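Good morning, colleagues. Please have the sequence and the structure open as I speak; I shall begin with one chain as a whole and then turn to selected details.

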There are 2 protein chains.
Amino acid sequence: MQQTRIVIENVSPQIDCGSYFIKRIVGQSITVTADVFSDGHDIIECCVKFKHESDKKWQEVRMVPKQNDQWSADFKVEQQGNYTYFVEGWVDYALNWQHGTERKIQDNQYVKSELLEGAEYVNAVLKLATASEKVYLKKVAAYFITESDYDVAIKEAMSSELHQIFKKYPIRLLENKSSELKAYVDRKKALFSTWYEFFPRSASEEEGKHGTFKDCEKLLPRVANMGFDTLYFPPIHPIGEVNRKGKNNATNAQVGDVGSPWGIGSQYGGHKSTHPELGTIDDFKSLVKKAKELGIEVAMDYALQAAPDHPYVKEFPQWFKWRPDGTVQYAENPPKKYQDIQPIYFESGDWKNLWKELLDVALFWIEECDVKIYRVDNPHTKPFFFWGWLISEIKKKHLDVLFLAEAFARPKIMNELAKQGFTQSYTYFTWRNSKSELIEYVEELTQSEQKEFYRPNFWPNTPDINPLALHHGNESIHLQKYFLAATLSSSVGIYGPVFEYQASTPIAPGKEEYMDSEKYEFVKWDWKKENKITKLITKINSIRKEQDSLQQTNNVVFCETSNDQILAYYKFDDEKQNETLMVASLDAHNTAQSMVKLPNELLGKLPLEIIDLITGYIYVWDKEWNFVELSPEMPFHLFKIQS
Amino acid sequence: MQQTRIVIENVSPQIDCGSYFIKRIVGQSITVTADVFSDGHDIIECCVKFKHESDKKWQEVRMVPKQNDQWSADFKVEQQGNYTYFVEGWVDYALNWQHGTERKIQDNQYVKSELLEGAEYVNAVLKLATASEKVYLKKVAAYFITESDYDVAIKEAMSSELHQIFKKYPIRLLENKSSELKAYVDRKKALFSTWYEFFPRSASEEEGKHGTFKDCEKLLPRVANMGFDTLYFPPIHPIGEVNRKGKNNATNAQVGDVGSPWGIGSQYGGHKSTHPELGTIDDFKSLVKKAKELGIEVAMDYALQAAPDHPYVKEFPQWFKWRPDGTVQYAENPPKKYQDIQPIYFESGDWKNLWKELLDVALFWIEECDVKIYRVDNPHTKPFFFWGWLISEIKKKHLDVLFLAEAFARPKIMNELAKQGFTQSYTYFTWRNSKSELIEYVEELTQSEQKEFYRPNFWPNTPDINPLALHHGNESIHLQKYFLAATLSSSVGIYGPVFEYQASTPIAPGKEEYMDSEKYEFVKWDWKKENKITKLITKINSIRKEQDSLQQTNNVVFCETSNDQILAYYKFDDEKQNETLMVASLDAHNTAQSMVKLPNELLGKLPLEIIDLITGYIYVWDKEWNFVELSPEMPFHLFKIQS
């Protein structure tokens, strides 16, 4: 039995009945909508109450009615960490009284009895009112209860001043509340980040020499100058020596083969150690520090698996699965075998200690070396609830730490990792090539429920994925892919030298593995080389830093174009102060022409002065449909709307 | 920290995160779908567990995978009352072992170690297996652990017999469960009912004489012969004498005016009494009994309001709102006043006693007079949670009792009443006239989430609504409206004599109130009169009883037609054993011709022999598109698909 007359339903945003939090960055808004209604015809009011985990008191913002019994309000989140919000609604008897009395007065009814009721409502808000409001209210109450001032009284009864006071101090009787929902607020980098990946062992400028952290330091200015703010390294831990993989994923390594960095652990240590050939923990610490000075954060790989000679295997045998024949279970996806890797046995009876140790590993690099970003390797092969726990435990102490989920799995798997708390996620962008594929995918990310919890990071390539579209790819397709990634998504990353230098020979035709993959050997790159791809990436990255509209992903509107090889989209910042319009050709071989239809958002501003931020050319577009021509040499426009 | 690796999300059907129950009738199925998945590549299994409130044990049905990590299963509900269901999922290690081992064997790997593992799985299911399965399993385990029978062992490892046993007896470790969801199962009448409404005081065959329950008894055969199974009466309680309304809603009644039956309560009693002019409670009891013998249930009106002279007002003044001037609050919707009615004050401090008394009223007629159906008057002006409580309290003792919500309010209000437990609901059908309006509305009812909890009852008219379309309406529009109501919806009702005799003069042009409304006076009907409308209603009702496909509402598929004045739709029963195809003209004045496209469901059966159950004519339709012509004289076909 509950006496409240208010129903609150369909509160949004809400992920899986409130099981998961939505995500925002500092300074963003949350627009809460809900169906709120009561029986009968009474006037109701409702508000959103919200607070940061550090707040003692709830803040409140009044909702306004939209159509069909839906109400809406928004509030800004100003601090990192957990927020809670819910909707509260009540029948507003005072406003209801005023509304009804006004109707009766307009109908020339005698409302003396209503005025006496009104006096009761006035007296009820008296104790909440300010001094000057009190003076006014006392006067009004006096009019209401005396016979003599009827004309003044009915004027006051209908006054907007009284209305404002009633609105300001609602008497909430029999109110109802929705259940509490959660939002997690990150620092800005969670949403806006520009990643560069290379293998530190390929950092040496000397042919045939294993790179070191010191060599990496020398490359930092190059990465910074190109406009990257996040430098991600594959695992830097000791590489297993037992069952080590050879070049091109050969089962048996030859002498001198360096193995896969993901085969973690050897006599030199495990997840809390560095690979001796790269340098010491102090070297790494120095690298992180120098990077920071240049505006770069070093992102570490968090890869939960062990080489057969990882110290854990002897120290904590209960964290691995042992077979009836006494051997340990190596990784497999039958009939494939991965003998250089032993999966962690999350079904272990000792799972709580296991989880604690894995948390400890993550905390070690955060606390010891000031690492603030983890790219998590294959999170979809470890229990989802483990990630929910791990990430929230780390966030309790270190609000700044961000997690990128490296999962290229089925849609619901990828979503679940994001729901469990991963800050950013890899995406299917890598395989979306046609105009319709790109539009469909970006609209799914930005218009479905995913927009609330899934922050995409668009990677045209990774060490694991040499996408068909880039095989033996020409310069134009590389320019196009980076442009699309960096302007469609506010987080973008490349597996750097391979992308810049178009080193994308597949191991076999049609295969997405690289020939002579850096996963199994180090490579000598000509780090001094600059080409058109390098320069345009630098240019695009610099534009991203200046244009707020490119610093979020959900704010995209696709434009109609007359040519299926031409993709156009409009982006805007929260205040619509900064607006950009991107036009990209998907044809890497021919010049493409198209008419582009301006989005409705811009039609009211015709004629439009737009500047291509890449070339500096200024255009005036004065019609709804406008002509563009793009060549493979410069397959995109990045227009800023000037006026 | 939870160790389970299974995620279960998006369980459907589920109303507002499980806050409300879905609805079914005995014998229907519930198809449960859910997203169920795990990390990694392991084989998972899941099931729906369900039980009736009287069951001690959960029943279980295994789910089957659909696409994109969604699973599905259905189960039948065989008993009235509350059911609970949830989804359970687990990693199936034994099936996973078999799957992996099979792949390795096919890859010619030596799997002795796998066979040893297999023996452990076999031993684990031993204790659950039947005697004969035990014999088999022991044999298999023996093969698995000995060196000598490798060839036999690997054959057994891959056998479907072993697979079936593993599937049958899953070892559920670290399983996960969804939250529990609820369904309420009613008797069939909740879904399939045919209502006739008249005012008992108009039942007399003598001019100028107030009808009685005895007079009503005489009309029962007529109602039964027309094929109605539910006879609904406006309130039968004593009508207030203070501020009684006169004819045509006049504020002051004249001597002899009988007042509105909804102005309940006088010196003769309140909600537990009968109006003296209608007869005694015993007379009413006799009427209900006689009706039952003819297959008719009498539906009472449950109208929670009081005339000023209702005994409650003196006895329980705390259940009404008193104004500062000492008067009681009458009903109003400013500036309108309803001085003959005092609303119940649900904000009363004594609300718990109030609720109990109102429950007691409902129970009185159920237990005293065998009433099983309530048509609830204006439920949307009383608190929603009151209804949820009241209905569930009654259902605890009386599973058969059904409630029809008489609310013509905003969509979310109407939905909420259905969610709170009303068995059936009035609808907007009354105002849906064009083909597109009808299709859109019926698809909303039958394809949106509403289909799970909102059981529509289509009324072409009521004493409160004289819809514009019927004003001075001709015969054809009445035939059309009843046909649509009775074949689109499995529950249908008419405000009888007014509809049959087209007595739909409005009080003023464009107003939906009747002139000389029976709400304020009694009327002498010529109950013996039969006309074409009477006869066709009788025919349609008789067809509804024979054709299962017309006994539910959600099973409708609209067909394309070439004429906007022709509406066509196909219905089918659960087993697709009974199929009907309705074609109706919406043009009440002209003959209409159209091509009708058969639905996909029927295309495989061409040529189709169909019989018009109204006329008995047989047609053969051998093409996807077929010609129809309908005249205002007979504006519909009701085809049964014969073969």
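Chain A contains 16 helices and 29 strands. Please bear in mind throughout that this is a predicted model. The C-alpha trace of chain A extends over about 110 × 65 × 45 Å along its principal axes. Of the 643 residues in chain A, 61% are buried. The accessible surface of this chain amounts to about 25,000 Å², and carbon and sulfur atoms contribute 49% of that surface. As for contacts in chain A with a separation of 6 or more, 75% of them are between residues 24 or more positions apart.

I turn now to a single residue of chain A, namely A:Y136. This tyrosine lies in helix α3 of chain A, which covers residues 131-145. Is A:Y136 buried or exposed? Its relative accessible area is 6%, and A:Y136 therefore counts as buried, the limit being under 20%. Which residues does A:Y136 contact, leaving aside its neighbours within four places in sequence? They are A:E156, A:S159, A:E161, A:L162 and A:I165. For one of these, A:E161, the C-alpha atom is 9.2 Å from that of A:Y136, although the two residues are 25 residues apart along the chain.

Next, I should like to move to a sheet in chain B. Four strands make up this open sheet, in the order β1-β3-β7-β6, and their pairing is antiparallel. At the edges are β1 (6-12) and β6 (64-65) of chain B, each of which pairs on one side only. A helix from the other chain also meets this sheet: α11 of chain A, residues 411-420, packs on it and touches β1, β3 (29-38) and β7 of chain B. The direction of helix α11 makes about 70° with that of β3(B).

How many bridges join β6(B) to β7 of chain B? There are two, and the strands run antiparallel, with β7 formed by residues 70-76. B:P65 has B:W71, in β7(B), as its bridge partner. As a general reminder, the strands of a sheet pair through backbone hydrogen bonds, in either a parallel or an antiparallel manner.

Finally, I come to the surface of chain B. B:M595, B:W625 and B:F627 form a nonpolar patch there, and together they present about 280 Å² of accessible area. Of these residues, B:W625 belongs to strand β28 of chain B, residues 625-630. B:W625 has a relative accessible area of 31%, so this tryptophan is classed as partly exposed. That value also satisfies the patch requirement of over 30%.

Thank you for your attention.

Note on methods
Residues numbered from 1 in each chain as written. Chains lettered and ligands numbered in written order. Predicted model: local features only at pLDDT ≥ 70, side-chain atom pairs only at ≥ 80, totals over all residues. Heavy atoms only, no water. Patch = residues over 30% accessible without salt bridge, like charges linked within 9 Å, V, L, I, M, F, W, Y side chains within 5 Å. Areas by Shrake-Rupley, 256 points an atom, 1.4 Å probe, with all protein chains shown as cover. Salt bridge = Lys/Arg side-chain N within 4 Å of Asp/Glu carboxyl O. Buried < 20%, exposed > 50% of the residue type's maximum accessible area, 1.4 Å probe, protein only. Pairing = 2+ DSSP bridges. Contact = heavy atoms within 4.5 Å. Axes fitted to C-alpha atoms, helices over the stretch in contact; angles between N-to-C directions.
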